[in-house]
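Here are my notes for you on this one. Keep the structure open beside you and go through the points in order.

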Amino acid sequence: MRVIIKDSAADCASWVAGYIVYRIKKAAPTAKKPFVLGLPTGSTPLGVYKELIRLYQNNRVSFEHVVTFNMDEYVGLPPDDKNSYHYFMQENFFKHVNIHPKNIHILNGMTKDYAAECENYENNIKAYGGIDLMIGGVGSDGHIAFNEPFSSLSSRTRIKTLAPSTIKDNSRFFDNDISKVPTQALTIGIGTIMEAREVIIMANGNNKAEAIRQGIEGNINHMWTITALQQHQHGIIVCDADAASKLSQPTIEYFKSIENRVA
Ligand code: GLP
């Protein structure tokens, strides 16, 4: 696992955006062989989207041949609901860049057939040859996408009931009213994430410090699903100093010294 510790959330965002651009350019995607990017929602990736939009406006990157798969979507929120992840992605990223609408994939939380929707999503990812680079955030309880504590570490795309901790955390987007937060979501699984060729998990702030400690220094276990990343051959955690604050000093020094030598 590679761990990048930056001073601020803004530094994390510009590092991740720069890395995405570097990967897209290196792949030199075409219509026949697009670059397949896995994308998250939440407050953590907002800075990444802002920076990607800026780089696009400065002609530093094109999304013409980029195909995206979002990680998850709430059950029961239509795409025009301002709290749906469809809406989030349009407003914060897609409408500002040259991505083709046909290349955008987000799970349909309004479907009547959850199993078929999830199976199609998995098949669609496979049809594109798998995800090249998956970007994710992490919940304060260590969940990635909506793979809540005690999710199977080999889970696939499916419907998931949200943990009380996630409902509480996410209620800030729903007028701080827990009763307004959907109780279920469709989400790619840990197994789906692990099949991406490369995975970046981002974390900012003190409330992510325990999740980051577990993810980097803890044992692999289904209570903190971020720990599955330890089994990935190309896993990267990018976090700010606050999110790294529960790591032991030797761990911090180790990863910082490695990155200093890389840079
Ligand atoms: C939600 C999303 C996750 C995200 C997490 C943290 O539960 N399903 O994908 O990582 O929130 O969000 P934030 O970045 O806002 O802290």
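**Notes on the ligand and its pocket**

1. Start with Asp72: one of the polar atoms in its side chain is 2.8 Å from a nitrogen atom of the ligand. Keep in mind as you look that this is a predicted model.

2. Next, find Ala145. Here the backbone does the job: an N or O atom of the Ala145 backbone lies 3.2 Å from a nitrogen atom of the ligand.

3. Asn170 comes in with its side chain, where an N or O atom is 3.3 Å from an oxygen atom of the ligand. How much of the ligand's accessible area does the protein cover? On its own the ligand has 390 Å² of it, and the protein covers 95%.

4. Now look at who stands around the ligand. There are 14 residues surrounding it, and the closest are Ser43, Thr44, His143, Arg172 and Lys208. Sorted by type, this shell has 7 polar, 4 nonpolar and 3 charged residues.

5. Where does the ligand sit? You'll find it in the largest pocket. That pocket holds about 610 Å³ of space. It is lined by 34 residues, and the ones closest to its centre are Thr41, Gly42, Ser43, Asn170 and Phe173. Asn170 is worth a second glance, since you met its side chain 3.3 Å from a ligand oxygen.

6. Which helix gives the most to the lining of the largest pocket? Helix 3 does, with 4 residues. Helix 3 spans 85-92, and along with strand 4 (72-74) and helix 5 (164-170), each supplies at least two lining residues.

7. Last, the make-up of the pocket wall: the lining splits into 15 polar, 14 nonpolar and 5 charged residues. Set that beside the shell around the ligand, with its 7 polar, 4 nonpolar and 3 charged residues.

Terms used
Residues are numbered from 1 along each chain as its sequence is written. This is a predicted model: local features need pLDDT of at least 70, side-chain atom pairs count only at pLDDT 80 or more; totals for chains, interfaces and linings use all residues. Side-chain values use heavy atoms; hydrogens and water are left out. A residue is near a molecule or strand if one of its heavy atoms lies within 4 Å of it. A polar contact is a pair of N or O atoms within 3.5 Å; within protein, one must be able to donate a hydrogen and the other to accept it, and residues adjacent in sequence count only if both atoms are side-chain atoms. Accessible areas come from the Shrake-Rupley method with a 1.4 Å probe; for residues, only the protein chains shown count as cover. On a 1 Å grid over the protein atoms alone, a cavity is a set of points where a 1.4 Å probe fits but cannot get out, and a pocket is an open set with protein on both sides within 12 Å along at least five of seven lines; lining residues have an atom within 4 Å of a point. A molecule sits in a cavity or pocket if more than half of its atoms lie within 2 Å of its grid points. Ala, Val, Leu, Ile, Met, Phe, Trp, Tyr, Cys and Pro count as nonpolar, Asp, Glu, Lys and Arg as charged, and the others, Gly among them, as polar. Grid points are joined across faces, edges and corners, and a volume is the space filled by probe spheres set on the points.
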